[in-house]
Amino acid sequence: MQIARRRFFQTVLSCCSSPPFSSAGISTLTRRRDGLNLSLHRATLAVPWAALQSRGAKILGTDVRPGKIVQRKGRIYQVLKAQHTQHGRGGATIQVELRDVDTGNKVTERFRTDEAIESVFVEEKSFTYLYQEGNLVTLMDRPSTFEQVEVQKEMFGKAAAYLKEDMEVTLQYYDNKLMSASIPLRVKCKVVEAQPNAKGITASPQYKRVVIDNGITVLAPPFVDIGEEIMVNTTDDSYITRA
C-alpha cells in the first residue's frame, strides 16, 4: 500500500514539475498553426473571384433598378429597365427587362414591390470621364494608373446624356465582364430654356418645364429661370434643388 502511494505522489510531482508542452512542442504547434493560417489564406486567394462574388443578398422589388445584377430561376441577369406600376387595390408591381449574362437573351418579368429578389454582388471600379466619340466613351483610371479605357455608350443607358468632363463614373463587372456603367445620382445642370411664370395663385404647387444643357426637359418650380444651375436626379430626370 505504501509503495503504491509513493508511486502515486512521484507521478503527481513529475507532472507538476514539467510543463504539459515542451518548448519544442509549443514551437511545433505554433508553426503548424501559422502554417494552417497561411494555407487558409492562400486557399482563399486561390478561389476564383467570380465564385465569391456570386454570393449576394436579398433585396426588395422596389430596389430593383437598371444596372443591378440579380439571380432569377438559377440564371444571372442584368436589369436593363424597371418600371413601377400601380394596380389599385391589387398593389404595386415592378415590370423589368432583364438580359441573361451568359446568353444575352432578353426577358420581361414582373415583381411585387415586397418580393425578395436575390441580388448578385459585382466588382465596382471608379473612372473619370474624358470624352466620347460616336458610340465610344473614353474613361481614365485616375489617379491610380491613368490607364484609358473605352466602353460602349449604351452601357450608361439614358444616363449617358448627363456625362460631363471630369465626372466620376462607376463601371460594374461580373465575372470579369463589364455589365453596366453608372453616373452620380445628383448632377448639376444649367437651365437653357424655361417657360414664363404662370400668373395667379392656386392651391396646388405649380411646376413649369425647363430644358437643361443636355437637352432633357425637367419639371421645376416657377422661380427657376434661364441661366440658373439646378441639381437633377439622374434616375428619373427630376428637379432636386438649386445648385
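In the predicted model, residues 24 or more positions apart account for 46% of the contacts in the protein chain with a separation of 6 or more. The secondary structure of the chain consists of 3 helices and 16 strands. Of its 243 residues, 28% count as buried. The accessible surface of the chain amounts to about 16300 Å², and carbon and sulfur atoms contribute 53% of this area.

Two open sheets are described here, beginning with the sheet that contains S1. Six strands make up this open sheet, with 6 strands in the order S1-S6-S2-S3-S4-S5 and antiparallel pairing. Its edges are formed by strand S1 (57–60) and strand S5 (106–112), each of which pairs on one side only. From one strand to the next, the twist averages 50 degrees. Within the sheet, strand S2 (residues 69–72) and strand S6 (residues 116–119) run antiparallel and are joined by 2 bridges. In this pair, Val70 stands opposite Ser119 of S6.

Asn105 is found in the loop that links strand S4 (92–100) to S5. With a relative accessibility of 48%, Asn105 counts as partly exposed, because the range for this class ends at 50%. When neighbours within four places in sequence are left aside, Asn105 is in contact with Leu98, Arg99 and Asp100. Asn105 and Tyr77 are 28 residues apart in sequence, and their C-alpha atoms lie 9.4 Å apart in space.

The second open sheet has 5 strands, arranged in the order S14-S13-S12-S15-S16 with antiparallel pairing. S14 and strand S16 (238–242) stand at the edges with a single partner strand each, so one side of each has no neighbour in the sheet. The twist in this sheet averages 55 degrees from one strand to the next. S13 and S14 run antiparallel and are joined by 4 bridges. Lys208 has Ala220, in S14, as its bridge partner. Pairing of this kind has a general basis: strands of a sheet pair through backbone hydrogen bonds, in either a parallel or an antiparallel manner.

Antiparallel pairing is also found between S10 and strand S11 (residues 177–182), which are joined by 5 bridges. In this pair, Tyr174 stands opposite Lys177 of S11. S10 and S11 form a hairpin with 2 residues between them, and Asp175 in the turn has a positive phi of about 55 degrees.

The nonpolar cores were examined next. The largest nonpolar core has 28 residues, and the residues with the most contacts inside it are Leu139, Phe156, Tyr162, Leu163, Val169, Ile183 and Ile212. At least two residues of this core are supplied by each of strand S7 (123–133), strand S8 (136–140), strand S10 (168–174), strand S12 (186–194), strand S13 (208–212), strand S14 (217–220) and strand S15 (229–233). Apart from the largest core lies another core, of 10 residues, among them Ile59, Ile94, Phe111 and Ile117. In soluble globular proteins, nonpolar side chains tend to be buried together.

The surroundings of Leu139 illustrate the contacts made by one residue of the largest core. Neighbours within four places in sequence aside, Leu139 is in contact with Phe127, Thr128, Tyr129, Leu130, Glu147, Gln148, Val149, Val151, Phe156, Val169 and Leu171.

Two loop positions complete the description. Thr234 lies in the loop between S15 and S16. Its relative accessible area is 5%, and Thr234 is therefore buried, the limit for this class being under 20%. A polar atom of the Thr234 side chain lies 2.9 Å from the backbone oxygen of Pro184. Beyond neighbours within four places in sequence, Thr234 is in contact with Lys158, Tyr162, Ile183, Pro184, Leu185 and Val187. Among these residues, Tyr162 and Ile183 also belong to the group with the most contacts inside the largest nonpolar core.

Gly157 occupies the loop between strand S9 (148–152) and S10. Its relative accessibility is 41%, so Gly157 counts as partly exposed. Gly157 and Leu80 are 77 residues apart along the chain, and the separation of their C-alpha atoms is 8.3 Å.

Conventions. Residues numbered from 1 in each chain as written. Predicted model: local features only at pLDDT ≥ 70, side-chain atom pairs only at ≥ 80, totals over all residues. Heavy atoms only, no water. Core = buried A, V, L, I, M, F, W, Y, C linked by side-chain atoms within 4.5 Å. Buried < 20%, exposed > 50% of the residue type's maximum accessible area, 1.4 Å probe, protein only. Contact = heavy atoms within 4.5 Å. Pairing = 2+ DSSP bridges. Axes fitted to C-alpha atoms, helices over the stretch in contact; angles between N-to-C directions. Polar contact = N/O pair within 3.5 Å; in protein donor to acceptor, adjacent residues only side chain to side chain. Areas by Shrake-Rupley, 256 points an atom, 1.4 Å probe, with all protein chains shown as cover.
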